[in-house]
Amino acid sequence: MKKGSNNLLILLFFLIFFPAIQSTSHANIAFVSGKWETTFNCIVQTQHEGSLSCDGLSWGGDWTVNGYRTTIESAGNNPIGDGRGARFWKGSGGDNRNSGTIVAEFPTPQKELWVRWYERYEAGFRWGNSIDVKSLYFKANNSNPYVGYQYSNYRFYWGGSGGGPTFPVAVGNGWRYVYPTGTSDGTWHCFEVYMKMDTDGTDGEGKIWIDGVLVEEYSGFSWSSGSNHPGWDRFEFLSNQKDPGLSRPYYVDFDDLAVYNTTPSNRDANGNPFIGPIGWGGGNYTPPPSETPEESPEESTPPPSSPLPSDSYVILDETWEQNNVNNWMYDFVAGDTALDTSPVYAGNYAIKMRSSNPGHYVHFFGDHPQLNQPDEMVTDVTVEEYYYPPVDFQWPASDLKLWINNAFESWGAGYNLANGQSKPHTWAPYYMTISVDGSGRPFGQLTRADGLGGTGALWQNYWQNKGSAVSLVRGQWNKVKYRLKLNDPGQNNGIFQLWVNDVLKCDYGDINFRGNYSTYGWNHLMMSMHANPSHSQNQWISRDNIRIVSGTSGSGSILPPLRLRISD
């Protein structure tokens, strides 16, 4: 037999008996007119069974979870798009238990990108004690950031060799923002990121959208550790993660992926260019006319006799009519609290808190250091709400907290004493609680840490001091409003005022909230149902039409602001 024939037989032998040998080289996705897209409208394929043939994508690591491999299949399809979808698997038993990745390799390094994808976690999926997911993992020489869930947040993180900068996170916009109960309900959600490589270590940019809503943006940082980087080479899907709390493997589906390297024509609600969700209707975004005050649609009562000062603004206007608790997920535990349709003060929804487990509902504002972009210090804040205790509600023996207003500094600040008494909010140098006593009468309670300087009480109750004390009426909506104005550092001139159904009941003008402290103002508002001692575990209260205003508001209804910061 000739030598050439022997070589041919050897080649045929390898083709027949070793068909699953995969090339480690990657194909390239192809940009057409500045964009590339895939609906995974390809043949059904399984990782490890040959090279991936799907719109220029490639298989990544060849990993399995209890025998499950990554696939392209119809079951992974997002129903609002076409084609199929990519199905990945995550397993129990510790970190990085996942099937292999899929890689999108660029034909040339890219310095500016918009990437949009749809993602769903199988119904019932939940995490263990920690969450850290690489949903998309970008790769380049010395610039390897990834984006994904991280505890209660969603974030970019720089994963390059030798470490890298830690970017601000989308606080409260993480796993429970997408799946509020903490367990996936199996629904699809749209994610998008924008990344612009820096030129000198100071002008990098990034943005994150979830379901078409901008949840994070930042600029002026380094993706590249200060070098004039040529750009990113590729990205991977779902490369690894920490601590799924699972008893079996669960799938995660990816679909309808789009990558733009030129500016998209769509605009988000803030006017930022982005790809947007499928069928996005925001492409004709028109900026609002300048110098036109916004109006409050639910305002129906006559205005107060004196309007808001020109430097006042609404921090939050919460009517619950978007049927979500997104404004209260900055430090969040769902508990047994939920939106309900009865009773409501106005509209279709109010929030109902249950004493069995009221959860943890917090809104950050002002100069809070954990906000993506902290604002100016708020020294004068007014909070208004409508509060409904049912007819058979039992007031606790001593007090029931409605609101806790804090000056947050850091979780590790260590403000653990107040004149030798226990001070549970170690992260706040001072805070003011609005409570009701054992007869349902609202009052204020100040707690201040040792060592802040100045005179005044470190712990004190401020009871109703105007006319006869009144209680909230069970079985009807009660309007509760209070104002907290910080003292000038070192002075006893802070203000606490409280109204019940528009009647002034607390009026103090000589409070020392903060001693000589001047680092942070009011910035951390907790909605509470904590009782001391605890009341019966089957009780509930409802709350509606909450408004938080920076500045004085008078004793009547709060006027619409000249600047509206947040509205649902």
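This passage describes the salt bridges and the disulfide of a predicted model.

Side chains of opposite charge can pair when their charged atoms come close. In this structure, 13 salt bridges are found. One of them joins arginine 248 to glutamate 122, with 3.1 Å between the closest N and O atoms. Arginine 248 is placed in the loop between strand E17 (241-244) and strand E18 (250-260), and glutamate 122 in the loop between strand E7 (112-121) and strand E8 (127-133), so the salt bridge ties together parts of the chain that are 126 residues apart in sequence. The two partners fall into separate accessibility classes: arginine 248 has a relative accessibility of 35% and counts as partly exposed, whereas glutamate 122, with a relative accessible area of 13%, is buried.

A further salt bridge is formed by lysine 139 and glutamate 236, whose closest N and O atoms lie 3.4 Å apart. Here both residues belong to strands: lysine 139 to strand E9 (residues 136-139) and glutamate 236 to strand E16 (residues 232-237). The pair is separated by 97 residues and links distant parts of the chain. Lysine 139 and glutamate 236 are both buried.

Aspartate 399 and lysine 401 also meet through their side chains in a salt bridge, at an N to O distance of 3.3 Å. The relative accessible area of aspartate 399 is 9%, and lysine 401 has a relative accessibility of 14%. Because buried means under 20% relative accessible area, aspartate 399 counts as buried, and so does lysine 401. In addition, Arg87, Arg120 and Asp253 are joined into one network by salt bridges that share partners.

Cysteine pairing was examined next. A disulfide is a covalent bond between the sulfur atoms of two cysteines. The model contains 1 disulfide, formed by cysteine 42 and cysteine 54, with their sulfur atoms 1.8 Å apart. Cysteine 42 is located in the loop between strand E1 (35-38) and strand E2 (45-46), and cysteine 54 in the loop between E2 and strand E3 (58-59). The two cysteines are 12 residues apart, and both cysteine 42 and cysteine 54 are buried. Buried positions are also found for cysteine 190, with a relative accessible area of 4%, and for cysteine 506, with a relative accessible area of 0%.

Note on methods:
Residues are numbered from 1 along each chain as its sequence is written. This is a predicted model: local features need pLDDT of at least 70, side-chain atom pairs count only at pLDDT 80 or more; totals for chains, interfaces and linings use all residues. Side-chain values use heavy atoms; hydrogens and water are left out. A salt bridge is a side-chain nitrogen of Lys or Arg within 4 Å of a carboxyl oxygen of Asp or Glu. Helices (H or I, at least four residues) and strands (E, at least two) are DSSP runs, numbered from the N terminus. Buried means under 20% relative accessible area, exposed over 50%, partly exposed in between (1.4 Å probe, protein chains only). A disulfide is a pair of cysteine sulfur atoms within 2.5 Å.
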